[in-house]
Amino acid sequence: MPPGHPTPLIPIFLLAVAAWLLTGCGGRAPALDEERALVFLSDAHTEASVFNYNRAYDLYGQARARAERGGDTWIESTFGLATAGWHRLPPNRASILEARGLFEELAELLPENSSYLPRVLLNLGRIIELRNFPGDTVDPELARTYYERVRDKWEGTIHADEAAGRIAANALHYVDDPERVRAGLEELESYLERRPDSPIANVLWYFLGDKYWFFLDDAEKSFAALERSVELGLVERARAWHTFWRMARMARENLNDPVLAASYYARIVQEAPRSPRVHEALLAYNELRERYPDELPELESLPFTLLRND
Amino acid sequence: MKKPEWLNPNTFGAVILFGSFLVSIWIVMAQTGTLDRFTGREERVVRFLHWQLEPGFREALEVVIRGYNALPHVQEAGYRVQQIAISEKFYSQFLNTHLISGTAPDLSTMGKASLASQVDQFYEPLAAIVENPNPYNTEESVPDHLPEEIRRTLIDGPWRETFADGLVSGYNEQLKNYYAIPVSNWGSIRFYYNRGYIRRAKDVVLEVLDAEERPAWVETRLIPEGGTTEDGWLPDTPELREWLRGEESIDTLGRLLLISDALWEVARRENRPFLVPISGSSYTRDLFADRYAPTFHHSLLEAVDKDHDSGIGALETFGGWATGMWSFRDEPIEAYFETLREVASHFPRGFLGLDREQANRRFIMQNAAMLLTGAWDASGIFKLASEQANPFEVGVAVLPVPGAGERFHEFANQPPSEAAQTLGVPMALFKLSDMKDEAIDFLHYLTSHHGNQTFAEQSGWLPATIGVEPTEEMRPFMPETRGIISSLRLNFVGGNVATVYRGQLYLFIGGDITYDEFVQSVEEAMADERMGVNRLWAEQFARDRQVDRNTQMSLSTEAIRFLSGIDADAEERYYQILQRSLTLSNGNNNRMMWRRFFPDEPHPEF
């Protein structure tokens with residue numbers, strides 16, 4: 001080596017370090033390791049449960065790669081990977097196709113008695129009928145087939161109830177075809193008549209009440225469905241006034257039953273005295289009471305202020 | 001002796017700069033606990049971040065914090081609570097930075113910071129905690145004189161029921177969980193007035209009413225005998241004269257305008273060129289516009305509320321306008337804009353360039369007789385008014401609506417309702433806090449009957465807890481539940497129409513353009529094929545579908561939670577959120593709304 005020429009030791013050393021580091025970047029899949037898979041899975045659940053889907057996606061991937069295909073950990077991590085892939089940001093065609101592919105893989109692989117299968121099928125329906133990214137196309141017909149499969153295979157379960165609701169909501173894609181919308185809503189109504197004990201009957205009746213009015217102008221059916229939901233117990237009890245207001249208006253303007261309308265105005269005053277509509281409900285009630293004094297008693301409970309300490 | 005070269009003003013400046021830097025570092029390290037870590041005196045601190053810099057709030061909070069820090073169990077556990085107050089201007093930047101870096105304070109006021117809207121990612125859900133009673137409300141601590149129902153609720157009821165709004169303000173509709181604990185109450189928007197000025201203005205009106213020749217400002221304001229409301233704003237009645245002689249506050253729109261006219265006369269007579277009737281600003285302008293909207297719009301709303309959902313959305317507002325259900329030529333709408341302009345004519349010149357603080361200062365300096373702002377400014381205004389070299393008494397009243405016999409009373413006689421108002425200063429618990437139990441314990445203390453009573457008394461803010469007495473001077477700020485809630489969404493949702501509407505509205509109420517010019521500009525913007533209502537409808541469709549997808553994300557998250565066994569309650573929440581998801585209907589409500597208004601036209605696409 002000529003004098004003054006820099007020694008090649010440093011570049012050689014750096015190259016060696018780089019080569020060593022690159023050995024870790026190989027395409028080999030990690031070895032199966034159930035224990036580590038479970039650790040990754042637990043971390044992934046934690047991240048997903050706080051909406052951190054990008055991080056969860058990586059962790060579910062790590063768990064899935066280490067779990068034995070078809071085993072419980074693999075199923076759980078594949079379901080998680082598909083869910084995280086669906087919701088990680090930013091969504092694009094590739095990420096949605098990958099998520100859908102993972103759900104489809106599970107749908108083919110899982111036995112009929114798997115607790116994951118109905119949820120996988122429902123998710124497949126949803127991923128297909130939602131617009132997941134700008135330019136995404138939706139396929140309501142295909143989505144419906146997944147919902148129908150759940151409704152028919154898991155009859156008498158809450159999964160079937162959810163699927164029945166999704167089928168009815170799916171019919172609303174056909175806004176321009178009122179007959180098809182009506183058929184979809186009536187299908188759900190018949191389902192609920194056959195299964196009155198569904199734990200989500202209140203949710204589904206509320207949905208029917210909302211849509212019979214807004215999509216079909218059918219005040220009678222809408223009112224009856226909302227009444228069923230109120231009887232069963234509204235999900236959003238704090239916003240019960242909102243449903244009562246709607247029912248009062250329907251009874252008064254569409255069903256021509258002012259006394260029935262007054263009963264719902266009264267419910268706002270008495271059951272939701274802190275609601276924003278309380279004053280208007282009281283005015284409306286009193287106006288009706290002037291016309292029907294024999295049928296409508298004076299309201300005893302006057303609205304008190306928002307602050308109960310006043 | 002020759003001065004050393006380094007001894008010059010630049011060196012002096014550099015030393016000051018460096019010294020200030022060191023002091024700042026010291027303060028930051030001391031406040032964040034870093035210094036304690038270095039010195040080995042590390043202390044466990046629950047940090048309480050907020051942006052309430054109004055006079056009284058920090059001092060009151062400090063009193064409550066001192067009381068809490070002195071509790072035996074807190075001393076024994078070796079931690080303390082510390083408040084961090086940040087200006088509203090920097091709050092968002094500060095909190096966003098710390099949320100993302102995982103160093104956010106244990107408790108922070110929700111809102112302002114954009115990242116804070118990602119509630120479930122950064123904040124702890126509180127549903128399980130708020131179902132249990134507040135341990136600081138005991139048989140001994142809750143006063144006996146309270147009504148038994150309230151007393152039992154405070155002692156035995158779930159924590160959420162001890163809040164005046166039932167903790168609606170802490171509830172997240174989308175996530176079906178509680179994420180914040182409000183510790184106070186923003187209170188309502190009210191008219192503040194300088195009692196002395198109003199008295200003088202009333203005297204001036206009384207004087208000129210019986211003058212042989214009435215000045216023009218009275219002639220144009222009062223309805224002449226035998227005239228109609230088209231000839232003036234209010235009638236000259238014995239009731240009006242009795243009111244002028246008395247000390248009652250301004251209670252109708254006509255009286256507000258009459259007194260405002262008189263205040264210009266007071267300014268002229270007292271040679272006070274800077275005195276204006278109402279201390280208007282860009283902030284005040286929006287308050288008037290928002291507050292008067294339900295009063296003037298409500299007679300038009302029922303037909304427009306196509307989905308009977310009790311509110312008028314932007315699409316219903318557009319659709320109603322496009323199909324002639326309402327127009328800018330309808331009497332109530334014209335009256336609404338005329339009222340805004342008439343009220344704004346009593347603001348100072350150039351009010352659009354003034355902000356809230358400048359408006360408050362003008363009122364305090366007695367260069368304005370009236371001011372419209374919220375309860376959050378009350379204690380500061382009362383205090384500063386009484387501390388002036390020439391102190392003055394401040395009165396408080398609700399924003400008046402047209403009274404009987406006055407112009408517009410026929411269709412605009414109901415005040416806006418304040419019943420939808422929820423509690424304020426919602427404190428959320430940072431998910432990564434290592435002082436969660438301690439932070440919740442402090443919130444229990446602060447919102448207990450005793451803690452909130454102390455806070456309300458010291459701060460002059462309205463209480464958040466039931467059974468707590470507001471101070472006497474804060475009573476007028478209690479929400480008024482009588483009134484109308486809905487209005488047309490004339491401010492729209494965004495895009496070019498909203499920009500044109502706002503710009504033209506400000507020009508109109510500032511007196512720079514006529515109503516015809518205002519309407520023409522707004523209607524042209526709404527009718528524009530590319531940038532008008534159709535585009536806004538299409539953009540709203542995209543947003544609606546995105547909301548549905550976001551709701552699906554909440555459903556998926558709840559599913560992961562219950563399937564993995566992380567959260568046993570998640571299944572129940574899943575089916576609650578399902579109702580919302582089904583009702584959103586993949587965004588098809590938007591298409592249906594279009595069909596209801598325009599059955600023969602295709603849904604707009606861009």
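Which residue is the bridge partner of Ile181(B) in E13(B)? It's Met427(B), and we'll come back to that pair below. First, keep in mind that this is a predicted model. The tour starts with how the two chains are divided up, moves on to two sheets in chain B, and ends with a pair of helices and a couple of backbone oddities.

**How the chains are divided**

- Chain A comes in three pieces: domain 1 covers 37-111, domain 2 covers 139-235 and domain 3 covers 239-310.
- If you take the C-alpha centres of domain 1 and domain 2 of chain A, they lie 30 Å apart.
- Chain B is split into domain 1 (32-187 + 422-477), domain 2 (189-397) and domain 3 (528-597), so look out for the two separate stretches listed for domain 1 of chain B.
- The C-alpha centres of domain 2 and domain 3 of chain B are 42 Å apart, and the contact takes 11 residues from domain 2 of chain B and eight residues from domain 3 of chain B.
- Between them, domain 2 and domain 3 of chain B bury about 870 Å², with carbon and sulfur atoms giving 85% of that area.
- On the domain 2 side of chain B, the residues that lose the most area to domain 3 of chain B are Lys306(B), Leu315(B) and Phe318(B), which together make up 68% of what that side buries.

**The five-stranded sheet in chain B**

- Five strands of chain B make an open sheet with mixed pairing, in the order E2-E1-E3-E13-E6.
- Its edges are strand E2 (79-85) and strand E6 (181-184) of chain B, each of which pairs on one side only.
- From neighbour to neighbour, the strands of this sheet are turned by 25° on average, direction ignored.
- Here's where the opening pair fits in: E6(B) and strand E13 (residues 424-429) of chain B are antiparallel and share three bridges, and Ile181(B) is the bridge partner of Met427(B).
- Helix H19 (residues 436-446) of chain B packs on this sheet and touches strand E1 (44-50), E2, strand E3 (107-109), E6 and E13 of chain B, with its direction at about 55° to that of E1(B).

**The four-stranded sheet in chain B**

- Another open sheet has four strands in the order E10-E11-E7-E12 (chain B), again with mixed pairing.
- Strand E10 (276-278) and strand E12 (394-397) of chain B sit at the edges, each pairing on one side only.
- The twist from one strand to the next averages 25°.
- Inside the sheet, strand E7 (residues 189-194) and strand E11 (residues 368-374) of chain B run antiparallel and are joined by five bridges; Phe191(B) stands opposite Leu372(B) in E11(B).
- Lying across E7, E10, E11 and E12 of chain B is helix H17 (residues 356-364) of chain B, which runs at about 140° to E11(B).

**Two helices packed together**

- Helix H21 (residues 495-509) and helix H22 (residues 515-527) of chain B pack at about 175°, with their axes 9 Å apart.
- Because of that angle, H21(B) counts as roughly antiparallel to H22(B).
- Residues making the contact include Val500(B), Tyr501(B) and Phe508(B) from H21(B), and Phe518(B), Val522(B) and Met526(B) from H22(B).
- Sorted by class, the contact of H21(B) with H22(B) has 10 nonpolar, three polar and one charged residues.

**Backbone oddities**

- Most residues other than glycine have a negative phi, and most peptide bonds are trans.
- Leu89(A) and Pro90(A) are joined by a cis peptide bond, with omega about -10°.
- You'll find Pro90(A) in the loop between helix H4 (72-87) and helix H5 (93-109) of chain A.
- Asn271(B) isn't a glycine, yet its phi is positive, near 55°.
- Asn271(B) sits in the loop between helix H12 (253-269) and E10 of chain B.

Note on methods
Residues numbered from 1 in each chain as written. Chains lettered and ligands numbered in written order. Predicted model: local features only at pLDDT ≥ 70, side-chain atom pairs only at ≥ 80, totals over all residues. Heavy atoms only, no water. Axes fitted to C-alpha atoms, helices over the stretch in contact; angles between N-to-C directions. Parallel < 35°, antiparallel > 145°, perpendicular 65-115°, else oblique. Contact = heavy atoms within 4.5 Å. Nonpolar A, V, L, I, M, F, W, Y, C, P; charged D, E, K, R; others polar. Pairing = 2+ DSSP bridges. Buried area = accessible area lost by both parts, 1.4 Å probe.
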